[in-house]
Amino acid sequence: MSEKKRVAAYCRVSSNLEGQQSSMKLQQKVYEEKIGANPDWELVAVYSDEGATGTMVKKRYGFMQMMEDASEGLIDVIITKSISRFARNTLECLESIRELQEYGVQLIFEKEGITTGEAFSEMVLTIMAAFAQEESRSLSENLKWGIRKRYEQGIDRWVCVYGYTSNEKGKYQIVEEEAEVVRAAYHLYDSGKSMGWIADYFTKQGIPSPGRKRWDASNISVFLNNEKYVGDIRLQKKYTVDHMEHKEIKNDGKVPSYYIKEHHTPIIDRKTYDRVQVIKSMRMRGKNQDATGHIQYPFGDYVICPHCGEPLIQRKLEIQDAGSYLCCENEACGQFILLSSFVSKAIMEAYKQLDLQMLTKKLEAQNEEQRAQAAYALEYKKTYPEFPTVEYYWLDDLIERVEPGKHTTMPIVAKMLKGKGGYVEDDRTISIYWRCGIKTTVFSGVKKDKDMPQCVKSLVLAKKERQQIERA
Ligand SMILES: [Zn+2]
């Protein structure tokens, strides 16, 4: 008997705004009345969520409930105010819409005047969703103009990229066997291999190259530089200079370009992608390379000065094959100095000592983030019980900060003093604070007089003086 459409509404308000509580109730009331006023409609429910800010909402229970009810065939139509209220980003928006379409649910965006359905253009929505996403980040009018213009010109055309194919709707679809190759390239590069090495490896493995010839470093470079693998796209990367010849040149900033995040399903997770970009720029600068050509990864900002808390800076020590040292360059501080090799060894030792039982216990921590990090660290420990070198990738994944002791005790007591955490804090120790909330303190290994900060400092100063004399 019921020819009526079962209609639901979805609304979301920001809870950091004053008076939001009433705003939520008001929105619900408006929708209830609106749906009730239409004789062809029957109200299912008004689903709602409130969150700190538009893009920061973590769990949207109202939204999740709505999707569940839709999957059970309880809803025909969903009304929502705008794209930016409906979804937190482009990808989520498109995925939810596709899912709802599968359930035969029609979606109405009031502000944009879009109704999903047979004649609905997914491309318009892609643009609109990206637009809404960027709008919430308050980008300039200039950029908005960029997409609009581009949309008018219909330039969002398919560009062939290894690892993806376009489906009948012109959307990016992952080609799994190619995606595996891309992932392998990122993984190998991330763990210290060069682009040339990876190309040779792929050739030896008999993997067909994108160019049908053998693999070379430029293929790998293209992989590592392409933002499409992390799910983003850059519009207007190239622009046409000569319309007659259709010659395209690289966009060097003359034309506004537009970067859309989370445009399609990624092959590489963002963390790995970002890290690879850092490693690439490091290698390009040719820094941190020792005599054997092995790249010395810097400790980033992880190691901090025990006196002032500022990150220690890594510098090359051109004396006695000593490698590099870490020092505090805060003028007001006592200029703490420690050889990098001690820090590396201590980190490796601490990792070795990282106890599986302790990690397992952390899986029940109060803090959700710590539980996740503990699970991650456990995975690491099971795969790699020890590491022979400190590499950027695991340092970055597991460590929150590294804090050396003050190394001020003179004369040196070789015997380790048993304290609360195993050793006396203010001494020749290095403490590693793991992301999962565990702290491991180990002996720094600084034993001889020449290893102490004061002595390293005098060596460095002596070297500088000698250079000045040589120059003069
Ligand atoms: Zn300092």
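The following paragraphs lead through the predicted model of this chain, from its overall composition to its local packing.

The chain comprises 472 residues, of which 30% count as buried. Its secondary structure comes to 15 helices and 17 strands. Among contacts between residues at least 6 apart in sequence, 58% join residues at least 24 apart.

Helix 2 spans residues 61-71, and within this helix Phe63, Met66, Met67 and Ala70 are buried. These four residues cover an arc of only 100° around the axis, and they therefore lie on the same side of helix 2. Tyr61, Met64 and Glu68, by contrast, are exposed on the other side of the helix. After helix 2 comes glycine 73, which has a positive phi, near 75°.

The next region to consider joins strands 3, 4 and 5 with helix 4. Strand 3 (residues 77-80) and strand 4 run parallel and are joined by 4 bridges. One position in this pairing is isoleucine 79, whose bridge partner in strand 4 is isoleucine 108. Isoleucine 108 also has a bridge partner in strand 5, namely threonine 115. Strand 5 (residues 114-115) pairs with strand 4 in the antiparallel sense, over 2 bridges. Strand 4 and strand 5 form a hairpin with 4 residues between them, and glycine 113 in the turn has a positive phi of about 65°. In general, the strands of a sheet pair through backbone hydrogen bonds, in either a parallel or an antiparallel manner.

The side chains of strand 4 (residues 106-109) alternate along its length. Leu107 and Phe109 point to one face and are buried, whereas Gln106 and Ile108 point to the other and are not. Leucine 107 also bears a spatial relation to helix 4: its C-alpha atom is separated by 7.6 Å from that of isoleucine 97, although the two residues are 10 apart along the chain. Isoleucine 97 belongs to helix 4, which covers residues 90-102. This isoleucine 97 counts as buried because it has 22 C-beta neighbours inside 10 Å, the threshold being 20 or more.

Helix 9 (residues 217-225) offers a view of helix packing, as its contacts with helix 7 and with helix 8 can be set side by side. The axes of helix 7 (residues 176-190) and helix 9 come within 10 Å and cross at roughly 90°. The two helices are therefore roughly perpendicular to each other. On the helix 7 side, Val182, Ala185, Tyr186 and Tyr189 take part, and they meet Ile220, Phe223 and Leu224 of helix 9. The residues of this contact comprise 7 nonpolar, no polar and no charged.

For helix 8 (residues 195-204) and helix 9, the axes come within 8 Å and cross at roughly 110°. Helix 8 is therefore also classed as roughly perpendicular to helix 9. Here Met195, Gly196, Ile198 and Ala199 in helix 8 meet Ala217, Asn219, Ile220 and Ser221 in helix 9. By class, this contact has 5 nonpolar, 3 polar and no charged residues. Ile220 of helix 9 thus appears in the contact with helix 7 and in the contact with helix 8.

Further along the chain, strand 13 (residues 324-327) has buried side chains pointing both ways: Ser324 and Leu326 point one way, and Tyr325 and Cys327 the other. Strand 13 runs antiparallel to strand 14 (residues 337-339), to which 3 bridges join it. Within this pair, leucine 326 stands opposite leucine 338 of strand 14.

The last element described here is an open sheet of 3 strands in the order 15-16-17, with antiparallel pairing. Strand 15 (399-404) and strand 17 (439-443) stand at the edges, and each has a single partner strand, so one side of each is left without a neighbour in the sheet. Neighbouring strands of this sheet are turned by 20° against each other on average, direction ignored. Strand 16 (residues 429-434) pairs with strand 17 over 5 bridges in the antiparallel sense, and threonine 429 has phenylalanine 443 of strand 17 as its bridge partner. Helix 11 (residues 340-353) lies across strand 15, strand 16 and strand 17, and runs at about 125° to strand 17.

Definitions and conventions:
Residues numbered from 1 in each chain as written. Predicted model: local features only at pLDDT ≥ 70, side-chain atom pairs only at ≥ 80, totals over all residues. Buried ≥ 20, exposed ≤ 12 C-beta atoms within 10 Å, placed from the backbone. Arc of directions from axis to C-beta. Pairing = 2+ DSSP bridges. Axes fitted to C-alpha atoms, helices over the stretch in contact; angles between N-to-C directions. Contact = placed C-beta atoms within 7 Å. Parallel < 35°, antiparallel > 145°, perpendicular 65-115°, else oblique. Nonpolar A, V, L, I, M, F, W, Y, C, P; charged D, E, K, R; others polar.
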